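Subject: Structure handover

Hello,

As agreed, I am passing the structure on to you. Please open it first and keep it in view while you read the notes underneath.

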Amino acid sequence: DTFFGEKVKEGDTIKIGVLEPQTGNDSSAGELEIRGIELAKSLQPEVLGKPVELLYADTQSSIYVAETAVQHLIEKKPAAVLGSYGEAVSLTASQLLGEAKIPAITITATNPLITVNNDYYFRMSFSDGSQGRALADYTVEKLQLKKAGVLRVKGEDASNEMVNQFSSRLHRLTDDEESVSVTVEIPKETKDRSPYIEKLRKSGVEAVFMPVSVSLGEKIISEADQAGLHSVTFLVPKDWHSEQMIKLQNEHPRMKIAVASDFNAVSAEGGQPEDDTAEEPSSDDAAAANGNSSGDTVTGGVSSEQAISSETDESADEKAEASVSAFYKSFAEAYEKKYGSKEIPEPTALAFDAYMLAVQSIEKAGRIDSEAVQKALLATRGFRGVSGEISFNESGEPKKTINIDIVQNGRFVTVFTVA
C-alpha cells in the first residue's frame, strides 16, 4: 500500500503499471510522463471490454526504492508496465521485469542497454547515438557546414555515445577526419566558463554539438550571447525539448539553438494538421488512430497489407490520416484544458503513445498473457501516434523519424527530419 492506491477486485480490470518518480528530485520529470498516461486513459479507458486500472509505483527518484517498487508491481501481475523516467531506474526495472517476463515500455530513457538481452522491454524514444547522427545530418544537409565543434562536460560518460556518433557521422558525410575541428571540455565544477567559450569563438566554427544539461546550457548560452557568438548554431539533445528551452530562446533571441526531437512539433512549412470539421473521436477511433501492429486490422486500424497503391486503399489511408489528425486534436485540446498550455511537452506525448500502444497490444493479444502481449508489441509496424509513427525492431528499439526543432514565435517548429 506504500506504492498503490485503493485495491480493485481481482479480474474486474486490466492492470497497467505506472513506474515513475512521484517524489524526489526527478518527480517533475515523472509528472510529465504521468500526464500523458492519464490523458490517454481518459480517452481510451477500456480494453477487452474491461476498464483499465493504473497501478502507480513511486520510485522516489532512487534506484534502491525503484527495485522495491518494481517488485511490488510484479506481485500485482500487470498486463504491461509503463516507465520509468531515468536511465538507471529503467535499467534496474529492465532486469527485474525481464526475469518476470512482464512487457514494459520505457518512455524517455535512451540507454540502449535497457532493451539489450531483454525481449520484454521496449523503448518509445530513439537512442543517444541516433540523435547524435541526426544532428550531424542537420549540420551538413541543412546548415551546409563541413566543420563543427563539440562542447561537453569533462568526464561525463553519459554523453560519450552521442558525441562518438555525431563525430563519426560528420566525418563520413564530409569525408573529412578533421570535420570536428575543436573539442572543448568544461570541468564539472568550474564556475568560470569564459575561457572555454572564448576557445569556441576563436575556432570559428558555426555549429557546436553541446550534449549538456539544460541547466548548464542556460549559463553557456547566456555567456555565449554576451561573447557575441551569434553566428553559431548550438546543437542540443532532446532533453532540451521543453518550456525551459523556449524561455531560454526568448531571453536570448539572437542565439541559435536546434534540438533533436521525436515529437511531431509544428512544421515550419505549414503546421500540425488540423481538421476543424472532424468529429470528436470515439474510443474506437482512438484505437484506429494508432493503427498498425503486425499487419492486422486492430479495432478499425489500417493494416500494412492494406496499404497498396489503389484508389480504394488511398481512400483508406486518407481516412486513417484524418483519424490521426482528429485524435491529435482531441489530445491537444485535452492537454490545454487540463494544464492550460498549447505547448505539449515531448515526454507527455511519448507517454500518451506508450499507453495507447500498450492498450492496442493487449487488444491484439486478446487476453492477459505476457507472452502474447509481448509478441503483439514486437510486431508493431507503423504505429500512428501523436508523437509520430513508430515501429519496433527485433530488439524492442524504435524505428522512427527524428525531427530537428527550433523555437519560433514562442513555440517549437520542425525544420529538418531524418527518417
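The notes below go through two sheets, the helices that lie on them, and the largest pocket.

Please keep in mind that this is a predicted model.

The six-stranded sheet

One open sheet is built from 6 strands, and its pairing is mixed. Reading across it, the order is β2-β3-β1-β4-β5-β6. The edges are held by β2 (46-47) and β6 (121-123), each of which pairs on one side only. Helix α2, residues 63-76, packs on this sheet. The strands that α2 touches are β1 (14-20), β3 (50-58) and β4, and the direction of α2 makes about 155° with that of β3.

Within the sheet, β4 (residues 80-83) and β5 (residues 104-106) run parallel and are joined by 2 bridges. To find this pairing on screen, look for Leu 82, which stands opposite Ile 105 in β5.

The three-stranded sheet

Another open sheet has 3 strands in the order β13-β14-β15, with antiparallel pairing. Here β13 (383-385) and β15 (398-400) are the edge strands; each has a single partner strand, so one side of each has no neighbour in the sheet. From one strand to the next the twist averages 35°.

β14 (residues 388-392) pairs with β15 over 3 bridges in the antiparallel sense. Ile 390 is a useful marker here, as Ile 390 stands opposite Lys 400 in β15. As for the general background, strands of a sheet pair through backbone hydrogen bonds, either parallel or antiparallel.

Helix α11 lies across β13, β14 and β15 and runs at about 140° to β13.

The largest pocket

α11 (346-365) also supplies at least two residues of the lining of the largest pocket. The same holds for α1 (27-43), α3 (87-100), α4 (128-142), α7 (214-226) and α8 (243-251). Which helix gives the largest share of that lining? It is α1, with 4 residues.

The volume of this pocket is about 1200 Å³. Its lining counts 39 residues, and those nearest the centre are Ala 29, Tyr 85, Val 214, Asp 239 and Trp 240. Sorted by class, the lining has 16 nonpolar, 13 polar and 10 charged residues.

Regards

Terms used. Residues numbered from 1 in each chain as written. Predicted model: local features only at pLDDT ≥ 70, side-chain atom pairs only at ≥ 80, totals over all residues. Heavy atoms only, no water. Pairing = 2+ DSSP bridges. Contact = heavy atoms within 4.5 Å. Axes fitted to C-alpha atoms, helices over the stretch in contact; angles between N-to-C directions. 1 Å grid on protein atoms, 1.4 Å probe; cavity = no way out; pocket = protein on both sides within 12 Å on 5 of 7 lines; lining within 4 Å. Points joined across faces, edges and corners; volume = space filled by probe spheres on them. Nonpolar A, V, L, I, M, F, W, Y, C, P; charged D, E, K, R; others polar.
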